[in-house]
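Colleague: I should be grateful for a close look at a single part of this model, set against the chain as a whole. Please choose the part yourself and carry the discussion from there in one connected account.

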Amino acid sequence: MDIKDKTIRWGIIGCGNVTEIKSSPAYQKIEGFTIGAVMRRDEEKAADYAKRHGIAKYYTDADALINDPEIDAVYIATPPDVHKYYGLKVAEAGKPCCIEKPLAPNYKDCVTITEAFASKNIPLFVAYYRRTLPRFEQIREWINTNKIGTIRHLHWHLSKPTSAQDLSGDYNWRTDSKIATGGYFDDLASHGLDLFVHYFGTITNVSGISLNQQGLYTAKDAATACWLHESGITGSGCWNFGTLEREDKVEIFGSEGKIVFSVFENEPILLTTTEGTTAHEIAHPENIQLYHVQQMRDHLLGHSQHPSTGTTATHTNWVMDQIIGNEI
Ligand SMILES: NC(=O)C1=CN([C@@H]2O[C@H](COP(=O)(O)OP(=O)(O)OC[C@H]3O[C@@H](n4cnc5c(N)ncnc54)[C@H](OP(=O)(O)O)[C@@H]3O)[C@@H](O)[C@H]2O)C=CC1
Ligand SMILES: O=C1CO[C@H](CO)[C@@H](O)[C@@H]1O
């Protein structure tokens, strides 16, 4: 039976934090999608998750989920170090796939994953859901309709205090250099950089400085960079994970105005034009991946093209590797 004629049954590999509210409920809410099974290595937690979310089957073996004939598509929501391992198996099984961000810990692995799906002409989506959120699409509309004139430059400053977990020395995959060379940069800066490419196109030149200032974990904790989009717009960024105060501020500078917003916080967007400054509150859906999931459904039905694919996410990893200094 053609995928277009039936409800698409998703299997989820890795059912941790991101899936609880942000993603899984969206897969159950969108008409034409359902969740057929989940998998994680801890059986008790897998069973508990399936029960709480009303999912019929759970596995501790990913191969069993991937090859289950009652599973049509697979969402990989594990930490990034095993995205390639599972992604290649899903491509081999010939099933559409969505992989959490970042697509992999480095650009090379992203290329391998993306080519595996492309060679079989199977859709590969990546959960950079900001590309589908009304709040960020409103900004894109202002940019594209020259609301602030010709765009010249953008700057993003993201900083966070050292957390109790960072100080405790307890294991955290987000700051393990074997999983994320750039630490919280990989985890968080990826979202904004991906969004800037969505707004302004491919980045052709980028240089960065990155290091570990605090010595609290193996990953890096500080980075700064400048770059050029193919459109001629310049960008700069600064990410630091050991400051007194939290800050998350993007400024887009145009010839006739400015847009100020935050990537993670829900403060109003400030739009300055020659007529003054206005504040705009645009709420997110309860399950923040809702429109991303809806657009995967529309893509699979052949109605529209999803904005976040293996190809777009691979470019984001290329930019990140340039900044963090991973070998390309
Ligand atoms: N788009 C977004 O807003 C967000 C995206 N993310 C991304 O989602 C992914 C997961 O993050 P998060 O949910 O916070 O992580 P968690 O640590 O909360 O959960 C990870 C899950 O993956 C499972 N897992 C870990 N290793 C393996 C493995 N080798 N095989 C199978 N399952 C495994 C764990 O279960 P077990 O140990 O039992 O196997 C657990 O269920 C990351 O890529 C992250 O960057 C995260 C948060 C927000
Ligand atoms: O991608 C992400 C978005 O935000 C979360 C925190 O607020 C992160 O932990 C996460 O990995």
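**The annotated span and its surroundings**

Modeller: In this predicted model, the C-alpha atoms at the two ends of residues 136-259 are 11 Å apart, and the span consists of 25% helix and 35% strand. The choice of these limits comes from UniProt, where an unreviewed entry lists residues 136-259 as "domain: GFO/IDH/MocA-like oxidoreductase".

The whole chain provides the setting for that span. There are 10 helices and 14 strands in the chain. Its radius of gyration is 20 Å, close to the 20 Å given by the globule rule for 328 residues, so the chain is as compact as a globular protein of that length. Along the principal axes, the C-alpha atoms fill a box of roughly 55 × 45 × 35 Å. Of the 328 residues, 52% count as buried. The accessible surface of the chain amounts to about 14400 Å², with 48% of it belonging to carbon and sulfur atoms. Contacts distant in sequence are well represented: among those between residues at least 6 apart, 68% join residues at least 24 apart.

The part I would examine closely is strand β1, residues 8-13, in which 5 of the 6 residues are buried. Strand β1 pairs with strand β2 (residues 33-39) in the parallel sense over 6 bridges, and in this pairing Ile8 stands opposite Phe33 of β2. Between the two strands the chain passes through helix α1, residues 17-29, and the resulting β-α-β crossover is right-handed. Strand β1 also pairs with strand β4 (residues 73-76), again in the parallel sense, over 4 bridges; here Ile13 has Ile76 of β4 as its bridge partner.

The connection from α1 to β2 deserves a further remark. Ile30 is placed in the loop between these two elements. The relative accessibility of Ile30 is 8%, which is under the 20% limit, and therefore this residue counts as buried. Leaving aside residues up to four places away in sequence, Ile30 touches Leu290, Val293, Gln294 and Arg297. By way of comparison in distance, the C-alpha atom of Ile30 is separated by 18 Å from that of Arg131, a residue 101 positions away along the chain.

Three other loop positions have backbone features that may interest you. The peptide bond from Lys101 to Pro102 is cis, with omega near -20°, and Pro102 lies in the loop between β5 (97-99) and α5 (107-119). In the loop between α5 and β6 (124-126) lies Asn121, whose phi is near 55°, a positive value in a residue other than glycine. Asn121 has 71% relative accessibility, over the 50% limit, so this residue counts as exposed.

Asn146 has a positive phi as well, of about 55°, although it is not a glycine. Its position is in the loop between α6 (134-144) and β7 (151-159). Because its relative accessibility of 54% is over 50%, Asn146 also counts as exposed. In the loops described here, then, Ile30 is buried, whereas Asn121 is exposed and Asn146 is exposed.

How values were computed. Residues numbered from 1 in each chain as written. Chains lettered and ligands numbered in written order. Predicted model: local features only at pLDDT ≥ 70, side-chain atom pairs only at ≥ 80, totals over all residues. Heavy atoms only, no water. Buried < 20%, exposed > 50% of the residue type's maximum accessible area, 1.4 Å probe, protein only. Pairing = 2+ DSSP bridges. Right-handed = clockwise from strand over helix to strand, strands pointing away. UniProt positions renumbered as here; feature names shortened; annotations may be inferred. Rg over C-alpha atoms; globule rule 2.2 N^0.38 Å. Contact = heavy atoms within 4.5 Å. Areas by Shrake-Rupley, 256 points an atom, 1.4 Å probe, with all protein chains shown as cover.
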